[in-house]
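These are my notebook entries on a structure I was asked to look through. I kept each entry short and wrote down what I looked up and what I found.

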Amino acid sequence: MAVRMLMVCALATLVCQVWSSAEPRHSEKELHPQVLHPWRSRGKGLIRVKRDWIIPPIRVSENSKQIPEDLVQIKSDKIFTGEVIYKLEGQGVDQEPKNLFEIDDKTGVIRSKQPLDREKYSSFTLKAFALSPSGERLENPTTIEILVLDQNDNRPVFIESPFVGTVSEFSVPGTSVMTVTATDADDPMTENAVLSYSIIDQDSIPPNAITKIMFGINNETGAIYTRDVGLDREVVKEFRLKLRVADMGGMGLTSEGVAIIHVSDINNHAPQFSPDSYNMTAVENRNDYELGRVNVTDRDDTGTKNWKARYFISHDYRGNFAVRTDPITNQGVLTVVKPLDYEAQSKYRLVLSVENLNPLSNKASRLTLSTATVTVTVVNENEAPRFREEPIQIEVPESVKPGTLLKSNIAFDPDNSDLRYEISRDPESWLDINRDTGDITAKRKFNMRSPHVKNSIYTAAVKVIDAGGVSATATVAITLKETNDFPPQVFPLTGFVCRGGSRSRKGLLLTAVDEDLPPQAAPFLFQIPDDLSANWTITQVNDTHAMLQPLVDLEVRDYAVMVQVSDSGSPALSAEAQVNVTVCLCDSFRDCKSEAGAILGSSVGINFIALIIIAASTALLLLLLLLAVAVTACGRRHHIKKGTGLLIGESEDDIRDNVFNYDEQGGGEEDENAFNIDLLWNPHDAPPTPGSFYPGSGIPPRGKQPLRKDAPHNLPSPTYPRRPPADPTDIEDYINDGLEAADHDPNVPPYDTALIYDYEGDGSLAGSLSSIASGSSDGDQDYDYLNDWGPRFKKLANMYDPR
């Protein structure tokens, strides 16, 4: 008889029955649950003891095909006293994922509704309730845990595809290359997730380069290692391994993968020159140019530091050459870094050596360092002459005599050809140069005060040319030393000295002016000749000033005193000058008083208050004069505005002297200044009265219109603007519109727009009055008077033919 498992768990009065999912189900009548008494006797009475109701986890296999499947049955002993309703909550019931489990509310049997997947949910925690028909909780909720048992339903999978690794060439057996890894979604605590790795195939690139098995793998860890010798990158570049992984220790489900192993290069080949000798040609006097290239070969991996070359030069004793590596071709590029001189050395024999950027491996065959010989032949060419110094420095006194030799032997020619010299720049024409020898001499005296002398240095330039026409230019910097060329001069030569008072407060302050520059000028020494020093003395104040004072109380009159001043030059120069001194009586301000002031004292003399009164009176007179001029100008302007035109004045002699804008030649060329809106006249409006024009101005009345020579007769006139501008800012547009229409109207007289003219005298450069154009059938009036208006109306007079 099959074994039947019955589990009864009691918490308070709740009973639970569980069947193993692996055993057949039986009817409820065959169950004989064990009844437990929850009350325990203690002392004289009975005490109810509450104990935890512990139910072991329910184990259910994933992917079960028997659906629905009964998992567990719970019962409450409340069924003996009334009806009990069972409820279930938790993950898989009313929480995600929903609808996986259910409970029979009458019998308390918990069932699975769908197959379970352990890889998604490995366990579920539910809560069971026993309720009365009214919803009252009869028992405390109990926790039911359901564990999903794993089945081997997932294949292992490699985490990369392909795996890529690198191994150095000539690696010894056992060298670790890389580790491959796979994963299995089954339960890692079971045999379903125990993996085993293996290599099932090996290919080489190039194909069949190596046929023996070169790599092995640890079946537990997936570590790939070398298992044989013979890895040579020059023979095989890459290996491709086919891998397999199986779960259940290699007996379960399997998957395949790929591992690619690159053989990396080591520096086991030294670079070699090919060929090992070269001949090159260089041009003298040039530098920083490519002389030639040398080639090397290297069997190591191209582009790596094991292949890249580094070159060295020997036997280059003067450092004229350099060599660098072309990063693309790996060639050595030989360059000239210092100019070569054919006359000094015409041929060079250089030795080049080469090595890799990375040091040579100890597995490389031992070879001597590769070298190459380069023979460089220098080609002679005509070199430019060279100056012995640049700039040419000369230091001379400014007073050097003309013809003095300043500099010689200034240049030479490397080719030993004849040279020709000339001055290329000499702004003051102070220098001369010998055409054949290049000797520089002074042509005339120098002047420190020349604008071309900056900081006592005069700059010129000389040019030298060889027989082949090749030239060179050098700057000549002449430092001028100041010499004592000019004696100082006393200043001032006139003055006054107050009579009376203390001697320390009276005297004439003198100074000196010297055209020389320091140190040939100040300090100055002032003296009075011995034979003239009876009444006067001179006292030195500082390096540039002295005080001339009388020794005795002199009469009020003029005196002539001889003063001698000397400079500090070497040699010192001196000069005598007569200083005219007036001895006078002075006021409190130490100013000379007039004769009357001397007699009457300071009450009659001009003092400071009188000067202020005089200045104020003068200012008041000027203000009144300006006010009168302004009133007159305003009256004239008002008179003009009240007349009939700008050309009307008070008499025929008024020629408009107060015209300010003299450049305004006419209103027909966009006059923007000096116009008056009252003076515009449209030919299509009512004509002005003859008396409205300025008498004697020569502007004809309306009835006498001259004929125009520059337009056909009797053509229709354009439309003129008639509405005056409402805004003063539109006056300019209004004027321009009228002028534009008048300029294209062949029937208007030449005075279509009132113009402001003024006679400015003979010889005016005034232009054409091009905007004045009109046509008329009246030619009876004589317009010769236009010639009397001056040169500015001459062109206007030539436009008309009197009829």
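The entries below cover peptide bonds, backbone angles, a disulfide and a patch of charge.

**Entry 1: the model.** I noted at the start that this is a predicted model.

**Entry 2: cis peptide bonds.** I looked up the bond between isoleucine 205 and proline 206 and found it to be cis, with omega about 0 degrees. I then placed proline 206 in the loop between strand E15 (196–205) and strand E16 (215–217). I also looked up the bond that runs from glutamate 390 to proline 391; this peptide bond is cis, and its omega is near 0 degrees. Proline 391 belongs to the loop between strand E29 (386–387) and strand E30 (392–397).

**Entry 3: positive phi.** I recorded a positive phi of about 70 degrees for asparagine 330, which is not a glycine. Its position is the loop between strand E25 (321–325) and strand E26 (332–336). Is asparagine 330 buried or exposed? I entered asparagine 330 as buried because its relative accessible area is 3%, and buried means under 20%.

For asparagine 409 I read a phi near 50 degrees, again a positive value in a residue other than glycine. Asparagine 409 sits in the loop between strand E31 (405–407) and strand E32 (411–412). Its relative accessibility is 47%, so I entered asparagine 409 as partly exposed.

**Entry 4: the disulfide.** I reminded myself that a disulfide is a covalent bond between the sulfur atoms of two cysteines. How many disulfides does the structure hold? I found one. The disulfide joins cysteine 498 to cysteine 586, with an S to S distance of 1.8 Å. This pair links distant parts of the chain, 88 residues apart. I located cysteine 498 in strand E40 (residues 494–498), and cysteine 586 in the loop between strand E46 (574–584) and helix H1 (595–600). I noted an angle of -95 degrees about the S-S bond, and the link of cysteine 498 and cysteine 586 is left-handed. I checked the cover as well: cysteine 498 and cysteine 586 are both buried.

**Entry 5: a charged patch.** Which residues gather in a patch of negative charge on the surface? I listed Glu732, Asp733, Asp737 and Glu740. I followed up aspartate 737, which I found in helix H3 (residues 731–743). I entered aspartate 737 as partly exposed because its relative accessible area is 46%.

Terms used:
Residues numbered from 1 in each chain as written. Predicted model: local features only at pLDDT ≥ 70, side-chain atom pairs only at ≥ 80, totals over all residues. Heavy atoms only, no water. Helix = DSSP H or I, 4+ residues; strand = E, 2+ residues; numbered from the N terminus. Buried < 20%, exposed > 50% of the residue type's maximum accessible area, 1.4 Å probe, protein only. Disulfide = S-S within 2.5 Å. Patch = residues over 30% accessible without salt bridge, like charges linked within 9 Å, V, L, I, M, F, W, Y side chains within 5 Å. Areas by Shrake-Rupley, 256 points an atom, 1.4 Å probe, with all protein chains shown as cover. Salt bridge = Lys/Arg side-chain N within 4 Å of Asp/Glu carboxyl O. Lys, Arg positive; Asp, Glu negative; His and termini not counted. Charge placed at Lys NZ, Arg CZ, Asp CG, Glu CD.
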